[in-house]
Amino acid sequence: MTRWPIARYLLSTHFIFLILVLLGFYLAIGVVLAVVALLTDITLSGVDIGGQILNWMAVGYGFSAFGVLTTMLVHGRTRREFLAQHAAFQVILATAAAALVTAMYAAETAAYSALDWGQKTQDDRAYESTSDYPTIFVAYWSMLLIWQFVGAFVGTAVYRWETNGILALLPAAGLLLVSGGVNSFLKLPFVDFEVDGLLPMAGLTVIIAAVTWAMTWATVRDIPLRTQAA
Amino acid sequence: MTLSIQTTHLQLRYCDTVAVDDVDLDLPGGKIYGLLGRNGAGKTSLLATLAGFRKPTAGTVRIGGEPVFENVRVTTQICLIRDDSGVGDNTDPLSDILAMARMLRPSWDEKYADELMDRFALPRKKTLGSLSRGQRSAFGVLVGLASRAPLTMFDEAHLGMDAPTRQLFLDEVLREYVARPRTFILSTHLIEEQSPIFERVLVLHEGRLLLHEELDELRSRGVSVTGPASIVDDFVFGLTVLGEERLGPTKRAMVYGTLGEDSLRAARAHGLELGPVALQELFIHLTGGLR
């Protein structure tokens, strides 16, 4: 029997598709920048502005986890396999996507420097500049991982409890707000703490992801596969 | 390879509704079972617990001697195809769903799946969501057959199929069963159309197992009597008549129960023709008659 079939399936299909989507996303940013440059001076990092959308893309993809789960059950796999292998896939995806985003910052820094454009980042980012690659990588990895995990938790909760599953938004919002203090995405004024250093940022990310995964486990471990409306 | 099915005091509840109530099953492997029941009788719920799609509220389910829920050794040997199929995402092309099934199912037969794609005339490049209702059902059936799962169950999987496709489905189940014996369960409301391939029949009623019998044994519970209308009327007077059909002066009455020697002699003397009763008539009678 193939080992880790769900993860293999996700890596051979979803992973490639999502990385292509991400590349297309940055290509679109490049096109927008080129058009804007015709009209005015560029002073902001396009890749950094794009970072405001990535968390919503991550939570949206995570939300779709319930669809993967139900399909896997129909094909004879178990909830336990899903919980382990889907989470492992999300870690791999977050790592690869964070590496890609970091590479985009590097490419943008080179291009902006050649064109003599300003590359200001958004306020309250965890990184000091667009060339602080280690921090960029860890901050994005943290954000992509936590938002995917939270999306998966809410998606499976809504599938399981239908309307009542919306209550999952309360702990989900709490986790995202706390994560805002860790990686500085979704940094709201009342989140009054910051994490200094890459290791604490990575460590707290793992803890938040583990808490979210535990809640997903509690939701999924005996989740019934409902009959869909035909 | 075939798988036996045992349940003890199986119960499944949805809030206040008891969908499956104290069902004890002991089904040997390597047979084709027909699962019959009225709407809401608990067929889908029973199959869902057998496949590990739902955890029983009470009681046990053992497939091939092992518990099924969250037991990957067992769930990978079970395939339940429901009327909504759920075999893939609506945006996925059929070829991608087949590739996924190949990765997930240890017993998947790719060559057989390809043959069935041609036989059911399904377009590989089209997405699941773009298929007609009948084509989606045919694709679900294909996934069930090509899974080569030792326990394969179809829950109204034929919905939307036209008559030739339904016949192809039944022929394929039978062909597959003869070539590679496995345990099949077909849940259906098309009793007369699908019962010819059943070996045993299970009838659920209001969540409980009403009967479990060999098809022939069940059919022997009734007799059809055909002949001139007035003679048939006299003959069946006082018996439990399940249904009647009339064509000109000829009448056919379905009677519940077996006939004694005297009745058989009387039928022969009056030139009445005796035959097996339609399973559907028996089913309607056993589950409470027309209402």
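In the predicted model, helix 1 (residues 43-50) of chain B lies across five strands of that chain, namely strand 3 (32-37), strand 6, strand 7, strand 8 (183-187) and strand 9 (200-205). Relative to strand 3 of chain B, helix 1 of chain B runs at about 140°. Helix 6 of chain B likewise lies across strands, in this case strand 3, strand 7 and strand 8 of chain B, and runs at about 160° to strand 8 of chain B.

These strands belong to an open sheet of six strands in chain B, arranged in the order 6-7-8-3-9-10 with mixed pairing. Strand 6 (78-82) and strand 10 (208-214) of chain B form the edges, each pairing on one side only. On average, neighbouring strands of the sheet are turned by 15° against each other, direction ignored. In general, the strands of a sheet pair through backbone hydrogen bonds, in either a parallel or an antiparallel manner. Strand 6 of chain B and strand 7 (residues 151-155) of chain B pair in the parallel sense over five bridges. Leu80(B) stands opposite Met153(B) of strand 7 of chain B.

Helix 6 (residues 163-179) of chain B also packs with helix 4 (residues 110-119) of chain B: their axes come within 12 Å and cross at roughly 155°. The two helices of chain B, helix 4 and helix 6, are therefore roughly antiparallel to each other. The crossing of helix 4 of chain B past helix 6 of chain B is right-handed. On the side of helix 4 of chain B, the contact involves Tyr112(B), Leu116(B) and Arg119(B), which meet Leu168(B), Glu172(B), Arg175(B) and Glu176(B) of helix 6 of chain B. By class, this contact has three nonpolar and four charged residues, and no polar ones.

Further strand pairing is found elsewhere in chain B. Strand 1 (residues 5-14) of chain B pairs with strand 4 (residues 58-63) of chain B in the antiparallel sense over five bridges, and Gln11(B) has Ala58(B) in strand 4 of chain B as its bridge partner. Strand 4 of chain B also pairs with strand 5 (residues 66-67) of chain B, again in the antiparallel sense, over two bridges. Here Arg62(B) stands opposite Pro67(B) in strand 5 of chain B. Strand 4 and strand 5 of chain B form a hairpin with two residues between them, and Gly64(B) in the turn has a positive phi of about 60°.

For chain A, an unreviewed UniProt entry lists transmembrane regions that include residues 87-107 and 166-186. Residues 87-107 of chain A are 100% helix and 0% strand, with end C-alpha atoms 30 Å apart. Residues 166-186 of chain A are 71% helix and 0% strand, and the end C-alpha atoms lie 21 Å apart.

Conventions:
Residues numbered from 1 in each chain as written. Chains lettered and ligands numbered in written order. Predicted model: local features only at pLDDT ≥ 70, side-chain atom pairs only at ≥ 80, totals over all residues. Heavy atoms only, no water. Axes fitted to C-alpha atoms, helices over the stretch in contact; angles between N-to-C directions. Helix = DSSP H or I, 4+ residues; strand = E, 2+ residues; numbered from the N terminus. Parallel < 35°, antiparallel > 145°, perpendicular 65-115°, else oblique. Left-handed = near helix turned anticlockwise from the far one by under 90°. Contact = heavy atoms within 4.5 Å. Nonpolar A, V, L, I, M, F, W, Y, C, P; charged D, E, K, R; others polar. Pairing = 2+ DSSP bridges. UniProt positions renumbered as here; feature names shortened; annotations may be inferred.
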